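Please open the model in a viewer and keep the selection panel at hand. The tour begins at the ligand and then moves outward to the spaces in the protein.

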Amino acid sequence: MSVLPFDKRDGVIWLDGKLVPWADATLHVLSHGLHYGSAVFEGERAYDGVIFKSAEHAARFRTSAELLDFEIPYSVEDLMAAKDAVIRHNGIKDVYVRPIAWRGSEMMAVAAQNATVHVAIATWEWPSMFDVAQKMRGIRIDIAEFRRPDPQTAPVYSKAAGLYMICTVSKHKAERKGYADALMLDWQGRVAECTGANVFFGKDGTLHTPIADCFLNGITRKTVIELAGRRGIPVAERRIMPDELASFDECFICGTGAEVTPVSEIGPYRFTPADLSRAMLDDYAAAVRAH
Ligand code: PMP
C-alpha cells in the first residue's frame, strides 16, 4: 500500500497563528519537543465540516500542556477558530484534525523553562468505516506486554506524545501477529484501554468499562456513557481484571479515530458483537452528525 507521506501533501497548516503552505510547516531538528518529549496533541474529527466536541478537545489540549508544565498561548476560542480555518481552507469536510504543541529550540537540556511553545494544526482525510455489517464482525485484539503507567510515574491524563511510545511498540507487536490492536492492562494488572481507544464490555443489557484513573478519559468514552444513559442502558465504571473477560458477551472500543468499533477477540477471549454494540455504534454515528 503506498500512502502519500504526511509531509508531501497539499493544503495549508496553521502554524503559530498563521495558515502556511503544507510544505512550510516545519520545525528544526534541535527542538525540545523532539528530544525530550515536551509535546502534546489532539485527535479530532470533523463531520460535514463541523468538529465533534471541538471545545472539549481544545480544553483538553490546553490541560495536556499544563500537565507537562507549559502553557499553550491560545485560548479555547482561538484554537476553535484556527481549527475551523484550516478545515475551510483545505476544502474537505470529513477530516481528522491534529493540533500539536511542542517546546521549541531556545533551550536544549532537560530544563526548558524559557523555550517558546509552538502550535500547529493540520487536517487530513480519514474516512470513518461506513460498512456497519463489516464493523459488526468485530476486530481482533492482542494483549499488550506494556502496561499503562502508575499516575505517580507519569502525567497519565495528558495526551502527551511521550506516552504513545509504549502504544506504538504494543501495536506493532500486535499487528505482526495479525491483530488489529492491543489491549493494555494498567500498572496494577487491571484492564485499562487500547493503544488509542477506550474499551467497553457488555453483558445482560449492561455496559462495563474500566475506571479512567490512570489513562485518558476519552471524549468518546464520555459520549458513549451519555448515549447509553439516554437509552436507559446502565454503565458500570469499575475495576475489571483480565480473567473476567471470559464472562462478557460483547466488547467494543471507542475513540475519535476508532469511533465505536466492535471487538470479536481479545487474546484468548471471544465476543459476539450484538445489540449493545450496535446501539452504541448507531447512536454515536448519529451524534457526531447531529449539528
Ligand atoms: N486512549 C488513548 C490512549 C487514546 O489515544 C485515545 C484517542 N485520543 C483515547 C483513549 C480516546 O480518546 P478520545 O475519545 O478523546 O478520542
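Begin by selecting the ligand together with its surroundings in this predicted model. The shell consists of 13 residues, and those that come nearest are K159, Y164, E193, T220 and T256. Colouring this shell by class shows seven polar, three charged and three nonpolar residues.

Next, display the polar contacts of the ligand. Select Y164 first: an N or O atom in its side chain is 2.4 Å from an oxygen atom of the ligand. Then select T220, where a polar side-chain atom lies 2.5 Å from a ligand oxygen. At I219, show the backbone, since the contact to look for is made there: a backbone N or O atom of I219 lies 2.8 Å from an oxygen atom of the ligand. Now switch on the surface. How much of the ligand's accessible area does the protein cover? On its own the ligand has 380 Å² of accessible area, and the protein covers 95% of it.

Widen the selection to the space that holds the ligand. The ligand sits in the largest pocket, which has a volume of about 1,200 Å³. This pocket is lined by 47 residues; to find its centre, select W126, K171, T195, G196 and A197, the lining residues that lie nearest to it.

The secondary structure can now be traced around the pocket. Two or more lining residues come from each of helix 5 (165-176) and helix 6 (219-231), and likewise from strand 6 (95-103), strand 8 (139-148), strand 10 (191-194), strand 14 (250-255) and strand 15 (259-266). Which element gives the largest share of the lining? Select helix 5, which contributes five residues. Coloured by class, the lining of this pocket has 22 nonpolar, 14 polar and 11 charged residues.

Finally, leave the pocket and turn to the enclosed space. The count comes to one cavity of 30 Å³ or more, and the largest cavity has a volume of about 40 Å³. To display its lining, select D186, R190, V191, P210, I211, D213, F215, R238, R239 and I240. Five of the residues in this lining are nonpolar and five are charged, with no polar residues.

Methods:
Residues numbered from 1 in each chain as written. Predicted model: local features only at pLDDT ≥ 70, side-chain atom pairs only at ≥ 80, totals over all residues. Heavy atoms only, no water. Near = heavy atom within 4 Å. Polar contact = N/O pair within 3.5 Å; in protein donor to acceptor, adjacent residues only side chain to side chain. Areas by Shrake-Rupley, 256 points an atom, 1.4 Å probe, with all protein chains shown as cover. 1 Å grid on protein atoms, 1.4 Å probe; cavity = no way out; pocket = protein on both sides within 12 Å on 5 of 7 lines; lining within 4 Å. Sits in = over half its atoms within 2 Å of the grid points. Nonpolar A, V, L, I, M, F, W, Y, C, P; charged D, E, K, R; others polar. Points joined across faces, edges and corners; volume = space filled by probe spheres on them. Helix = DSSP H or I, 4+ residues; strand = E, 2+ residues; numbered from the N terminus.
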